Amino acid sequence: MPIDLQAVDWQAFGLTLQLAMLVSAILFLLGLPLAYWIAFSRRRWRFLIEAVVALPIVLPPTVLGFYVLVALGSRSPLGRWWQSLTGHTLAFTFSGLVIGSVLYSLPFAVQPFAASFSAVDRKLLAASATLGASPLRSFFRVVVPLSAPGLITGVALTFAHTMGEFGVVLMVGGNIPGVTRTVSIDIYDQVQASNYAAANQTALLLLVLCFAVLAVVYGLNRQAWTIGPAK
Amino acid sequence: MKLSRSSVQSFLRFVSVLLGLILLTPALGLTGAKDDAKQITVAAAADLSAALEEVAAGYEKSTGTRVVLSFGASGTLTQQIQNGAPFDIFFSADMDYPRQLIAAGYADAPTLYRYAVGRLVLWAPADSPLDFDRVGMNALLDPSVKKISIGNPQHAPYGRAAVAALKHYGLYEKVTDRLVLGENVAQAAQFVESGNAQVGLVALAHVLAPAMQGKGKYWQVPVDAYPPLEQGVVVVSRSAHKQDAAAFVEYIKTAEAAKVLRRYGFALPPQ
């Protein structure tokens, strides 16, 4: 089936891409220290943090979305604080979507990060330390290069997961064109309105786009995998 | 990596125990309903959630027929019925969706019945500074109103009524950028209840529900501001329980059911 570009809601596409890239960037920055702590901490209650990080996988998106909605609303301290700061609540805003999506995709970034950090040979870290490198320097010069495939996987999963996000957006977005109407919400609306053709076009384009992004990322990842250790 | 024989054995034992448990679930009666009792499945517009639950409970008590209820936006439910959802009856929040289903052969024309007329209200939390009685619809222009929630006009009849009312008062252009759309009218109300929207245009039936008592204040939008929300019920053509379904539709016409609907703010069509 040819893609009829007229039928596609480009605004929703732009918005969703923007959301997915922003969430990937935030989770990359947030995920590095969190995953480092999970991989290297010797605290006895480490498993509790690991369990909390994994929660968004088991929680239905509607539940997560509902919690976020209540947490952002003017009934909660967080919502009131934000409201006193900016004059409006976070729900139904792009920032609100970013917060919901960061929580929703957290395990998809942190788990691959932590797994690849754990796989780094501790002897290399010891060697780096005896050569006088600070833990931070060792992290960036030893741990990160050796974990590159895991980092790329984490970012790719986060990106893809956010592109296809539906339940959380439905709960906290409010379906505002250009602000919170993402591609998945747009497709849902089209189906509800019996515009199967438009829904099909948009869905097909989303599929092609996500496939392309994932293919490129995993293609790069393969290269990183083969040249990485040889460096 | 080589697996030791004992670890393979213990893994297999684990899998077989798991399989056994899964197979046992139906035998233990943990899932599924009893087959012998009569049961009908009802798809209903979101504004009916509290009212129809009460009606169904009364019906179950007097007849023993189990009534399983599913709520959603009327457009969404229409879509589901067209795609083979196993519903016996459809209570819409308008007359158009049932007629659409009849025209397409998915519902039985003779069973169509106008069971109620819904009312649209402005609704705000109890502690809201908005004074509906003094300013009416113009409360929406108050600077404290950052977001106004309505049902999605694309598939929720109450959303369409809300848009019509806004246009009637010449407010639509002024508030468009503050509208947020709930998937159905119940979600629009939920946006207000959670404190994320300062006011909503929702169903009177929702704000009169026991669960909402004391949580907000409302103002009825005058009926001439939007096309009447005449609500129709129809029996689904591919229903396997048409007799039981028809019996429930008959029950809706009784004074007993009408009393409940009226208590939830529905006007009843002249008989």
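Visitor: Is the crossing of α2(A) and α5(A) left-handed or right-handed?

Guide: The crossing of α2(A) and α5(A) is left-handed. Bear in mind as we go that this is a predicted model. To read a helix pair, take the angle and the axis distance together, then look at the residues in between. Here helix α2 (residues 46-58) and helix α5 (residues 94-118) of chain A meet at an angle of about 115°, and their axes are 7 Å apart.

Visitor: Which residues make the contact of α2(A) with α5(A)?

Guide: From α2(A) come Val53(A), Ala54(A), Pro56(A) and Ile57(A). Facing them, α5(A) offers Leu103(A), Tyr104(A), Leu106(A), Pro107(A) and Val110(A). Sorted by class, that gives nine nonpolar residues, with no polar and no charged ones.

Visitor: Let me stay with chain A. Where does Phe92(A) lie, and what is its phi?

Guide: Phe92(A) belongs to the loop between α4 (77-86) and α5 of chain A. Its phi is near 65°, a positive value in a residue other than glycine.

Visitor: Is Phe92(A) buried or exposed, and why?

Guide: Burial is read by counting neighbours, and the cut-off is 20 or more other C-beta atoms within 10 Å. Phe92(A) is buried because 27 other C-beta atoms lie within 10 Å. Asn175(A) can be read by the same steps. Asn175(A) is not a glycine, yet has a positive phi of about 55°, and sits in the loop between α9 (167-172) and α10 of chain A. Asn175(A) counts as buried because 23 C-beta neighbours fall inside 10 Å.

Visitor: On to chain B. How many helices and strands does chain B have?

Guide: Chain B has 11 helices and 10 strands. Its C-alpha atoms fill a box of roughly 80 × 55 × 35 Å along the principal axes. Of the 271 residues in chain B, 43% are buried. Among its contacts with a separation of 6 or more, 76% join residues 24 or more positions apart.

Visitor: How is chain B divided into domains?

Guide: An automatic or database assignment gives the bounds. Domain 1 takes in 39-117 + 228-263, and domain 2 covers 119-225. The C-alpha centres of these two domains of chain B are 26 Å apart. Where they touch, 15 residues of domain 1 are in contact with 20 residues of domain 2. On the domain 1 side, α2 (49-63) and α3 (74-82) of chain B each supply at least two residues. That side of domain 1 has eight nonpolar, five polar and two charged residues.

Visitor: What is the order of the strands in the open sheet that has β2 and β4 of chain B as its edge strands?

Guide: For a sheet, read the strand order, then the edges, then the pairing. This open sheet of five strands runs β2-β1-β3-β10-β4 in chain B, with mixed pairing. Its edge strands, β2 (66-72) and β4 (113-118), each pair on one side only. From one strand to the next the twist averages 20°. As an example of pairing, β4(B) and β10 (residues 229-235) of chain B are antiparallel over five bridges, and Val117(B) stands opposite Glu230(B). Helix α4 (residues 96-103) of chain B lies across β3 (89-91) and β10, at about 35° to β10(B).

Visitor: And which strands form the edges of the open sheet β7-β6-β8-β5-β9 in chain B?

Guide: The edges are β7 (179-182) and β9 (216-220) of chain B. This sheet too is open, with five strands and mixed pairing, and its twist averages 30° from strand to strand. Within it, β6 (residues 148-151) and β8 (residues 199-203) of chain B pair in the parallel sense over two bridges, with Ser149(B) opposite Gly200(B).

Visitor: Which helices pack on that sheet?

Guide: Helix α6 (residues 157-168) of chain B lies across β5 (120-125), β6, β7 and β8, running at about 130° to β6(B). Helix α8 (residues 185-193) of chain B touches β5, β6, β7, β8 and β9, and its direction makes about 145° with that of β8(B).

Visitor: Finally, how many residues does each chain give to the contact between chain A and chain B?

Guide: Chain A gives 20 residues and chain B gives 15. On the chain A side, α3 (61-72) and α10 (183-192) are the elements that give two or more residues. By class, the chain A side divides into nine nonpolar, nine polar and two charged residues.

Note on methods: Residues are numbered from 1 along each chain as its sequence is written. Chains are lettered from A and ligands numbered from 1 in the order in which they are written. This is a predicted model: local features need pLDDT of at least 70, side-chain atom pairs count only at pLDDT 80 or more; totals for chains, interfaces and linings use all residues. Axes are lines fitted to C-alpha atoms, for helices over the stretch in contact, and angles run from 0 to 180 degrees between N-to-C directions. Helices (H or I, at least four residues) and strands (E, at least two) are DSSP runs, numbered from the N terminus. A crossing is left-handed if the near helix is turned anticlockwise from the far one by less than a right angle, and right-handed if clockwise. Two residues are in contact if their C-beta atoms, placed from the backbone, lie within 7 Å. Ala, Val, Leu, Ile, Met, Phe, Trp, Tyr, Cys and Pro count as nonpolar, Asp, Glu, Lys and Arg as charged, and the others, Gly among them, as polar. Two strands pair if DSSP finds at least two bridges between them. A residue is buried if 20 or more other C-beta atoms lie within 10 Å of its own, exposed if 12 or fewer, and partly exposed in between; C-beta atoms are placed from the backbone.
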